[in-house]
Each structure stands twice: as structure tokens, then as C-alpha cells.
Amino acid sequence: KRVSAALGNPNNLLLNSSFEADEATSVIPSGWNAITTGGTVKTQSGGTEGGYSAKLTSVTRTGSFDNPSVGIYQSFTGLEQGTYTLTAKIRTNNPNPSSVSLQEAAFIEAKNTGAPAMRAFVNLFAANNTDWVYVYLRNVIVYNGEATIGIYLKDAVAGMTLEVDDVQFYMEHSDLNPIQN
């Protein structure tokens with residue numbers, strides 16, 4: 001089921017971007033791949049769009065950027081060469097932490113694009129643990145027609161949560177290049 005266009009940007013490439021497709025709680029969201037080696041991923045009631053959102057929870061402090069402990073992601077092939085934007089609404093129970101390791105513990109990422117991986121550390125954008133905030137990752141350059149986008153926890157303290165809703169991944173500008181790099 002593709003429900004993203006009904007709730008957000010009609011050019012959104014993501015499946016189940018607002019986590020509504022399953023119409024259930026406590027399941028790994030349809031259309032998303034999940035990493036649960038150091039925690040849990042589930043849908044939950046409530047959010048910013050529709051009736052559901054996703055929740056990532058760390059149960060053990062482990063993981064790295066290359067091997068996050070908890071996360072959801074989608075991979076794409078056959079993308080047009082150009083510049084893309086990744087956005088998400090997030091809420092964390094660890095807003096604006098002072099330590100660098102906790103600042104980097106929750107992130108959105110675009111990688112495998114033919115350009116260097118790009119990340120936004122979402123705990124830095126949260127002013128408190130009750131409000132949803134938009135996080136933007138702009139100028140994601142796709143050279144090779146591929147991309148993996150995701151929301152992850154790595155080296156997060158046990159009990160840290162990241163709630164996610166209304167994730168968008170869409171093209172901003174085409175290179176109009178008929179030859180793929």
C-alpha cells in the first residue's frame with residue numbers, strides 16, 4: 001500500500017512515509033527495513049499525520065554510523081541524477097544533550113548515492129521531549145541512481161527513544177544528464 005502521497009508531498013518516493021499502512025501498533029512498519037540488534041522498532045498510536053508514527057527504542061548501548069543498533073530505512077535504485085531532500089518530523093526523549101556522543105546518537109541519513117553519506121543529528125533540533133520538530137537534510141546529491149535513506153540510533157543509552165512521522169524523500173533538482181555517472 002502506498003499512502004505517502006495522500007498525506008504529504010505528492011513527489012515523495014517513500015512507501016508508508018506516515019506509518020499508516022499497517023493500521024496497527026507494535027509492528028515493524030510496512031515498506032521499511034528494520035535494524036533491531038540493539039533495540040526495538042514499532043508503530044504506535046499518535047503522531048503528526050494520521051493516526052500512527054514509528055518509535056525507535058534503544059535497549060543496549062551499541063552501534064556505530066556504519067552499523068547502527070536500531071533503525072528504519074528504505075533503499076532506491078533507478079533514481080534520476082540530481083539533488084534530493086530528506087525530511088522527517090521527530091520527537092526524542094533526549095533533547096539537546098550536552099555530550100557529543102548523545103548529540104550523535106540519533107540521526108537521519110542519506111547514503112549510497114555516489115556522493116559522501118550525509119547526516120543530520122536530530123537530538124540537536126529538539127528543544128524539549130514533547131514537541132514534534134521538522135528535520136531537513138537538503139542537497140542530497142544522487143550520482144549513481146541509488147540511495148538508502150534512514151532514521152537510526154547508534155551508541156544510544158538504554159531507554160532512549162526517537163519517534164518519527166511524515167518522512168519525505170523527493171527530488172529538488174534534476175541534473176538533466178542523460179548519461180549516468
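This is a short group-meeting talk on the fold, the two sheets, the core and the salt bridges of one predicted model.

Okay, thanks everyone. Keep in mind throughout that we're looking at a prediction.

Let me start with the whole chain. There are 181 residues, and a compact globule with that number would have a radius of gyration near 16 Å; the chain comes out at 16 Å, so the two agree. If you lay the C-alpha trace along its principal axes, the spans are about 50 × 35 × 30 Å. As for burial, 47% of the residues count as buried. And take the contacts with a separation of 6 or more: 72% of them come from residues 24 or more positions apart.

What about secondary structure? We've got two helices and 10 strands. Going along the sequence, the pattern reads α-β-β-β-β-β-α-β-β-β-β-β.

Now the sheets. One is an open sheet of five strands, in the order β2-β3-β10-β5-β8, with antiparallel pairing. At its edges sit β2, residues 39-45, and β8, and each of those pairs on one side only. Ignoring direction, neighbouring strands here are turned by 30 degrees against each other on average. If you zoom in on the β2 end, β2 and β3 run antiparallel and are joined by seven bridges. Val41, for instance, has Leu56 in β3 as its bridge partner. Hang on to Leu56, please; I'll get back to that residue.

The other one I want to show is also an open sheet of five strands, ordered β1-β4-β9-β6-β7, and the pairing is antiparallel here too. The edges are β1, at 33-35, and β7, at 118-121; each has a single partner strand, so one side of each has no neighbour in the sheet. From one strand to the next, the twist averages 15 degrees. At the β7 edge, four bridges join that strand to β6, residues 106-111, and the two run antiparallel. Glu109 stands opposite Arg119 of β7. Those two turn up again in a salt-bridge network, together with Lys111.

On to the core. Which residues touch the most other members of the largest nonpolar core? Out of its 35 residues, the answer is Leu56, Ile151, Leu162, Val167 and Phe169. So there's Leu56 again, the bridge partner of Val41. The strands that each supply at least two residues of this core are β3, β4, β5, β6, β8, β9 and β10. The largest share is from β8, with five residues.

Take a look at Phe169 in particular. Leaving out residues up to four places away in sequence, Phe169 touches a whole list of residues, among them Asn11, Leu14, Phe76, Tyr84, Leu86, Val140 and Ile149.

Let me move to the charged pairs. How many salt bridges does a search of the whole structure find? Six. I'll walk through a few. Asp166 pairs with Lys89, with 3.5 Å between the closest N and O atoms. That one links distant parts of the chain, since Asp166 sits in β10, residues 161-174, and Lys89 in β5, residues 82-92, 77 residues apart. Are these two buried or exposed? Asp166 is at 4% relative accessibility, so we call it buried, and Lys89 at 12% counts as buried as well.

Next, Glu163 with Arg91: closest N and O atoms 3.0 Å apart. Glu163 is in β10 and Arg91 is in β5, so this pair ties together parts that are 72 residues apart in sequence. Glu163 is buried too, at 11% relative accessibility.

Then there's a pair between loops, Glu104 and Lys154, at 4.0 Å from N to O. Glu104 is in the loop between α2 and β6, and Lys154 in the loop between β9 and β10, so parts 50 residues apart in sequence are tied together. Here the two ends are not alike: Glu104, at 23% relative accessibility, is partly exposed, while Lys154 is buried with 8%.

Last stop, Thr87, which lies in β5. Its relative accessible area is 3%, so Thr87 counts as buried. Not counting residues up to four places away in sequence, Thr87 touches Val135, Tyr136, Asp166, Val167, Gln168 and Tyr170. You'll recognise two of those: Asp166 is the salt-bridge partner of Lys89, and Val167 was in that list of core residues.

That's it from me; over to you.

Conventions
Residues are numbered from 1 along each chain as its sequence is written. This is a predicted model: local features need pLDDT of at least 70, side-chain atom pairs count only at pLDDT 80 or more; totals for chains, interfaces and linings use all residues. Side-chain values use heavy atoms; hydrogens and water are left out. Two strands pair if DSSP finds at least two bridges between them. Axes are lines fitted to C-alpha atoms, for helices over the stretch in contact, and angles run from 0 to 180 degrees between N-to-C directions. A salt bridge is a side-chain nitrogen of Lys or Arg within 4 Å of a carboxyl oxygen of Asp or Glu. Buried means under 20% relative accessible area, exposed over 50%, partly exposed in between (1.4 Å probe, protein chains only). Contact means heavy atoms within 4.5 Å. A nonpolar core is a set of buried Ala, Val, Leu, Ile, Met, Phe, Trp, Tyr and Cys residues joined through side-chain atoms within 4.5 Å. The radius of gyration is taken over C-alpha atoms; the globule rule is 2.2 Å times the number of residues to the power 0.38.
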